[in-house]
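The following questions and answers concern a ligand site and some features of the backbone. Please consult the sequence and the model while reading.

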Amino acid sequence: MQALLLIDLQNDFVPGGSLAVPGGDAVVALANQLQPHFGLVVATQDWHPAGHGSFASAHPGRQPFEQGELNGLPQTLWPDHCVQGTPGAEFVSGLDQHRIEAIFRKGTDPGIDSYSGFFDNGHRKSTGLADYLRGRGVTAVYLAGLAADFCVYFSALDALQQGFQVFFIEDAARAISPEGYQQARTDLEQRGAQFVTTAELVA
Ligand code: VGL
Ligand code: ZN
């Protein structure tokens with residue numbers, strides 16, 4: 001069983017949003033094309049309480065994109081984004097949602113960030129995604145979404161560590177930083193992830 005994991009396709013991560021990923025809106029049409037080719041489609045949603053500790057606004061005197069610390073872990077300080085119940089946290093309106101069987105929300109604990117859809121950044125708490133996938137007989141996961149160098153990357157790392165075969169749909173993910181993405185790509189390739197394109201999968 002092969003699952004498509006749609007990572008954080010939310011308004012705040014596309015142009016016009018508070019943490020816009022360049023070209024992020026272009027991923028939506030690809031995500032829609034891909035969905036019918038999978039036996040299972042699952043989505044993740046970045047879902048922070050107001051005042052979350054990853055927000056620069058929660059650190060007096062600090063600016064977005066500076067490096068800081070959160071409860072002993074290094075933390076990039078982000079603009080406020082994906083606050084629970086706000087329009088920025090909603091899925092992009094063009095995303096076809098009817099095939100999405102489950103949505104895993106993350107980043108809800110104000111004291112720790114959670115890039116991966118599987119675990120928080122300290123690997124302390126699981127979202128239950130790995131067990132859910134195993135329960136559905138999934139052996140391979142295909143990742144698409146935002147941002148390629150953060151939440152898609154860390155979800156791919158955890159998926160590998162959890163024993164899934166990992167396919168990164170390269171054109172269906174966009175990065176915050178090109179340099180960050182190159183590092184992430186090299187790392188994932190060394191760990192056994194495969195890079196594929198939407199065209200190969202829908203052919
Ligand atoms: C993300 C930064 C902060 C992401 C989420 O979805 O890649 N990046 N929160
Ligand atoms: Zn976030």
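**The ligand site and the backbone**

Q: Where does ligand 1 sit?
A: In this predicted model, more than half of the atoms of a molecule must lie within 2 Å of the grid points of a cavity for the molecule to be placed there. Ligand 1 is assigned on this basis, and its place is the largest cavity.

Q: How many cavities of 30 Å³ or more does the structure hold, and about how much space lies in the largest cavity?
A: The structure holds 1 cavity of 30 Å³ or more. Its lining has 13 residues, and those closest to the centre are Phe13, Leu19, Tyr115, Phe150 and Cys151. The space in this largest cavity is about 100 Å³.

Q: How do the residues of the shell around ligand 1 divide into nonpolar, polar and charged?
A: The residues around ligand 1 include Asp8, Asp46, His81, Trp78 and Leu146. Asp counts as charged, Trp and Leu count as nonpolar, and His falls among the polar residues. The shell as a whole comprises 8 nonpolar, 1 polar and 2 charged residues.

Q: Which residue has a backbone N or O atom 2.9 Å from an oxygen atom of ligand 1?
A: Two other contacts involve side chains: a polar side-chain atom of Asp8 is 2.7 Å from an oxygen atom of ligand 1, and an N or O atom in the side chain of His81 is 3.0 Å from a nitrogen atom of the ligand. The backbone contact at 2.9 Å belongs to Ala147.

Q: What share of the area that ligand 1 exposes when taken alone does the protein bury?
A: Polar contacts with ligand 1 include the one from the side chain of Asp8, at 2.7 Å. Taken alone, ligand 1 exposes 260 Å², and the share of this area buried by the protein is 100%.

Q: Which residue is joined to Leu146 by a cis peptide bond?
A: The bond has an omega of about -15 degrees. The partner of Leu146 lies in the loop between strand E6 (140-146) and helix H3 (151-161). That partner is Ala147.

Terms used. Residues are numbered from 1 along each chain as its sequence is written. Chains are lettered from A and ligands numbered from 1 in the order in which they are written. This is a predicted model: local features need pLDDT of at least 70, side-chain atom pairs count only at pLDDT 80 or more; totals for chains, interfaces and linings use all residues. Side-chain values use heavy atoms; hydrogens and water are left out. A residue is near a molecule or strand if one of its heavy atoms lies within 4 Å of it. A polar contact is a pair of N or O atoms within 3.5 Å; within protein, one must be able to donate a hydrogen and the other to accept it, and residues adjacent in sequence count only if both atoms are side-chain atoms. Accessible areas come from the Shrake-Rupley method with a 1.4 Å probe; for residues, only the protein chains shown count as cover. On a 1 Å grid over the protein atoms alone, a cavity is a set of points where a 1.4 Å probe fits but cannot get out, and a pocket is an open set with protein on both sides within 12 Å along at least five of seven lines; lining residues have an atom within 4 Å of a point. Grid points are joined across faces, edges and corners, and a volume is the space filled by probe spheres set on the points. Helices (H or I, at least four residues) and strands (E, at least two) are DSSP runs, numbered from the N terminus.
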